[in-house]
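Hi,

Here is the structure I promised to pass on. Have a look first, and my notes follow below.

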There are 2 protein chains.
Amino acid sequence: MLYSIIETLKKNQLSITDSRKKILEMFVKTKGALAHADIEHQSGTEFDRVTIYRTLQTFVEKGIIHTIPTADNSVRYALCKEECSEGHHHDDHVHFMCDDCGTTYCLDKISVPHLNLPNGFTASQTDVVVSGKCGKCN
Amino acid sequence: MLYSIIETLKKNQLSITDSRKKILEMFVKTKGALAHADIEHQSGTEFDRVTIYRTLQTFVEKGIIHTIPTADNSVRYALCKEECSEGHHHDDHVHFMCDDCGTTYCLDKISVPHLNLPNGFTASQTDVVVSGKCGKCN
DNA sequence: AAATATTTTGCAACAACGTTGCATTGTATT
DNA sequence: AATACAATGCAACGTTGTTGCAAAATATTT
Ligand SMILES: [Mn+2]
Ligand SMILES: [Mn+2]
Ligand SMILES: [Zn+2]
Ligand SMILES: [Zn+2]
């Protein structure tokens, strides 16, 4: 399946800029997730820190990427599947973070389990983050 | 069940100091979880920011409190059950964060479900964080 | 294609959060 | 009570993220 960067930006009514193209390209070419710092390092001095923050924010709002909760409370991002749209994320899959190589995976095929909450509690979102060793490191 | 602050500190070979006593007391008296900022506010100018950071660190290392991963990537802490010890946490329960009142609950009775990971992946820890409305806010 | 309107970017300044080194103070031990 | 040891407060610093605004880039209109 091919992913058109320009199409994605247009579809979301975002103007086509260098930073948006390159940052989105990084996500498309990466299996795992990316942190702000990863993008900053990969792009060198090409973009300002602030631009990267703003680009990530915009992508999250538009449903192009989603944030991943991690055990160490660092922020990571990964591409959304096509079902996500502005203000409506549907990334209800399990995330995996390798203790060895640090790679964060979206386990798209493993959906988050249903839980019986205590009386009076209602859920709007459930995040599952698994830590351990990934396929490469095992 | 009663919780002796002094006993807990002694059991973990920690010297008995004002900050440790008062901060641990806050956790014992609180149903939910506490953030660094909560402790700072509740204690006024009594302790330095750094002391609070170091006390929380020490308590986590000793297995007295555990950190709670949250959807918004803020750091929270809650009391551990007695099974936890230095370097060995066993807080495998579900956490709940109320979107309305912000309270974070340890749902001790709901243990994290077992998941079938992809081939080659092994889990060392699974964190489940549910967001939604709590009993009070529903 | 050029002119205009709109968005995005880079910079600077700031705020929140967290860490480290070291002298001072407090706790434990003899 | 004297000594040894550990924790605290302070200052200084680093990292992460935000905001306002002028300059630059992109989109739209003529
Ligand atoms: Mn994901
Ligand atoms: Mn808990
Ligand atoms: Zn790995
Ligand atoms: Zn609530």
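Which phosphate contact does the side chain of B:Thr17 make with DNA strand D, and at what distance? An N or O atom of that side chain is 3.0 Å from a phosphate oxygen of DNA strand D; a polar contact here is a pair of N or O atoms within 3.5 Å, and within protein one must be able to donate a hydrogen and the other to accept it, with residues adjacent in sequence counting only if both atoms are side-chain atoms.

Some housekeeping before the rest. This is a predicted model, where local features need pLDDT of at least 70 and side-chain atom pairs count only at pLDDT 80 or more, while totals for chains, interfaces and linings use all residues. Residues are numbered from 1 along each chain as its sequence is written, chains are lettered from A and ligands numbered from 1 in the order in which they are written, and side-chain values use heavy atoms, with hydrogens and water left out.

**DNA strand D**

Back to the DNA. Two arginines reach bases: a base oxygen of DNA strand D is 2.6 Å from a side-chain N or O atom of B:Arg54, and another such pair, with A:Arg49, is at 3.1 Å. In total, 19 residues surround the strand, and B:Arg54 is among the closest, along with A:Ile16, B:Ser19, B:Arg20 and B:Thr51 (near means a heavy atom within 4 Å). Of the strand's atoms that come within 4 Å of the protein, sugar and phosphate account for 65%. The surface near the strand divides into 6 nonpolar, 7 polar and 6 charged residues (Ala, Val, Leu, Ile, Met, Phe, Trp, Tyr, Cys and Pro are nonpolar, Asp, Glu, Lys and Arg charged, the others, Gly among them, polar). α4 of chain A gives the most, with 5 residues (helices are DSSP runs of H or I with at least four residues, strands runs of E with at least two, numbered from the N terminus).

**Metals**

The manganese ion (ligand 1) has A:His66 (NE2), A:His93 (NE2), A:His95 (NE2) and A:Cys106 (SG) as donors, at 2.1 to 2.3 Å. Donors are N, O and S atoms within 2.8 Å of the metal (3.2 Å for Na, K and Ca), and sites may look incomplete because water is not among the atoms. A:His66 in β2 and A:His95 in β4 of chain A are 29 residues apart. Both are buried, A:His66 at 4% relative accessible area and A:His95 at 3% (buried is under 20%, exposed over 50%, partly exposed in between, with a 1.4 Å probe and protein chains only).

The zinc ion (ligand 4) sits among B:Cys98, B:Cys101, B:Cys134 and B:Cys137, each through SG, at 2.2 to 2.5 Å. Angles of 104 to 120 degrees make the site tetrahedral (four donors, all angles between 85 and 135 degrees). The donor spacing is C-x2-C-x32-C-x2-C. B:Cys98 is buried at 3% relative accessibility, whereas B:Cys137 is partly exposed at 24%.

**Strand β4 of chain A**

The strand that holds A:His95 is worth a look too. 6 of the 6 residues of β4(A) are buried, so the strand is largely enclosed by the rest of the structure. β4(A) pairs with β5(A) in the antiparallel sense over 5 bridges (pairing needs at least two DSSP bridges), and here A:His95 has A:Cys106 as its bridge partner. With β6(A) the pairing is parallel, over 4 bridges, and A:Cys98 stands opposite A:Gly132.

Cheers

Key. Tetrahedral: all angles 85-135°; square planar, octahedral: opposite > 155°, others 65-115°.
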